[in-house]
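Reader: Could you walk me through this one, starting with the sheets and then moving on to the contact between the chains?

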Amino acid sequence: MLFYKNQIKAYVESLSSHNLTQTENSNILHGTTIVALKYKSGVVMAADMRVTLGGGGGASETGLDSFEKIFLIDEKVLMEIAGLAAIGLQAVRFLKFEIKHWEKTEEEKLSFEGKANILSQILGQFSPLALKGMATVAILANKEQIYWLDELGGKYSVNNWIIGSGRPYGVAEVDKWKKDLTRKDAVKLAVKALKNAEINQQTGPNRLIYTIGEKIQKVSKTELNRMLGGKS
Amino acid sequence: MNKFLLDNGLKKEIAEEKLRGAKALVSASTKDGIVFVTENPSIIRKTTEIYDRIGLGIIGSVADIKKIKRILIDEADKKGFFTNPQDVHFRPLVESIASFLEETFSDPRVTSFGVKMVLAEIGSKPQNDKILLVDYEGGVGNLKNEEYVILAAKHDILKEKIKNLLSDNEFHDLDADQAIDLIKNAISQTRENDNPLTFEISILKRSKSQRQKFERLEQGRALS
């Protein structure tokens, strides 16, 4: 049913001819931590900004610590990606275009659940790549719901999630999540998790944070400093 | 061999038969954008977004309307994905739907589409708006780019009414609301009885901020 199925297929086929070695495999997921948490009236999405060029090294080696891993899908929905950046970017683009095409041909609004299912199908199409070590995962959220989508297209409804190479270091913090957090506490928790994930340079020091409430807001550096009480 | 080959005369009759009873549709370029106003008592949608700056108003048989919308949207979306949304242009889209219709019309093995449509693209100012008509034969109209076009069985009567109501004004100088009221009024004056009419109204907004300019303002029957 995907309108761009042929385009996705062509893309997957062209990448499938590559056979990554074991070393490349283990390195390719390194360098990302993305977090999403529910709070009382919305959702926080936070991500580091590091892209590694095929290796697990630090920013000095890659020179790129300013990559935005959170994407505006429409005025109510955000998506985060972790894994192979190229494939994640394709997934974002495919999702945006699929939604637009659906809404135009049906002349109706597409539900959030519908959007998540489309994304799950797109990632499902990418699964041959995942099985070759080119894995990409995503988190999709609106103000009420968070879905984490695995590299085979599995879709899970969650209250809080952390994924990427920094997960083992940040997960303890995210596990402290409680129901009905305030926006401020939720942002603090997400930042703490990202901070812990910096250990071993699993994640870059720069951060991008959004909250989805009545509208989508970027949490600026000043606002973040105020929330954290001067510490970052 | 197919025994049922249709000549052009017969195909024209079929198309006209499908178009019989189609309600009037007027599209005009105003200060605030290009408006599409059509009498529509049903839940079928006759105005639709094709791509960001490009909109469609179409009358005719329901099945054919859906097919034409699909063809236009699919083509525009494929182009936009392959390149970039700003690379989806008006002219090639009109040319391709016109040539598709011409091909279908001159193929004696298939029946003809019973549709007439207006395709429009919003510009930075009214003078840059583009409005073109395409009919079931693939003919393209309004090449002089008049500020408004009419699709209707009683075309001449409706044109007269609009002219009278416009008096010395031009659509380019009117707000969208004024233009919509004027067109509604003109269409109402051509009806046969006194029953109130329901309208479907959409606009391609001349807004700088949003990329998708198409907006629905009124839909004939309440949907929910």
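**Sheets and interface**

Author: In chain A, 5 strands make an open sheet in the order β8-β1-β2-β9-β10, with antiparallel pairing; two strands count as paired if DSSP finds at least two bridges between them, and helices (H or I, at least four residues) and strands (E, at least two) are DSSP runs numbered from the N terminus. This is a predicted model, in which local features need pLDDT of at least 70 and side-chain atom pairs count only at pLDDT 80 or more, while totals for chains, interfaces and linings use all residues. Residues are numbered from 1 along each chain as its sequence is written, chains are lettered from A and ligands numbered from 1 in the order in which they are written, and side-chain values use heavy atoms, with hydrogens and water left out.

Reader: Which are the edge strands in chain A?

Author: They are β8 (160-164) and β10 (216-218) of chain A, each of which pairs on one side only. Neighbouring strands of this sheet are turned by 15° against each other on average, direction ignored; axes here are lines fitted to C-alpha atoms, for helices over the stretch in contact, and angles run from 0 to 180 degrees between N-to-C directions.

Reader: And what stands opposite W161(A)?

Author: That is A36(A), with W161(A) itself in β8(A). Strand β1 (residues 33-39) of chain A pairs with β8(A) in the antiparallel sense over 5 bridges.

Reader: Which strands does helix α8 of chain A lie across?

Author: Helix α8 (residues 183-197) of chain A lies across β1, β2 (42-48), β8, β9 (207-212) and β10 of chain A, at about 160° to β1(A), where contact means heavy atoms within 4.5 Å. Helix α7 (residues 167-174) of chain A lies across β1 and β8 of chain A, and runs at about 170° to β8(A).

Reader: What is the strand order in chain B?

Author: Chain B has an open sheet of 5 strands in the order β8-β1-β2-β9-β10, and the pairing is antiparallel. Its edge strands are β8 (148-151) and β10 (214-218) of chain B. Strand β1 (residues 25-29) of chain B is joined to β8(B) by 4 bridges, and S27(B) stands opposite V149(B) in β8(B). Helix α4 (residues 155-166) of chain B lies across β1 and β8 of chain B, running at about 145° to β8(B).

Reader: Switching to the interface, how much area do chain A and chain B bury between them?

Author: About 1,500 Å², of which 49% is on carbon and sulfur atoms; buried area is the accessible area (1.4 Å probe) that two parts lose on being put together, summed over both. K100(A), K104(A) and E107(A) supply 44% of the area that chain A buries against chain B, more than any other three residues. The contact takes 12 residues from chain A and 21 residues from chain B.

Reader: How many salt bridges are there between chain A and chain B?

Author: There are 4 between these chains, a salt bridge being a side-chain nitrogen of Lys or Arg within 4 Å of a carboxyl oxygen of Asp or Glu. One of the residues just named, E107(A), forms a salt bridge with K69(B), with the closest N and O atoms 2.8 Å apart. Helix α4 (residues 85-106) of chain A gives the largest share of the side of chain A that touches chain B, 7 residues.

Reader: And which residue does E113(A) bridge to?

Author: E113(A) forms a salt bridge with K155(A), the closest N and O atoms being 3.0 Å apart. Because E113(A) lies in helix α5 (residues 112-125) of chain A and K155(A) in strand β7 (residues 155-158) of chain A, the pair ties together parts that are 42 residues apart in sequence.
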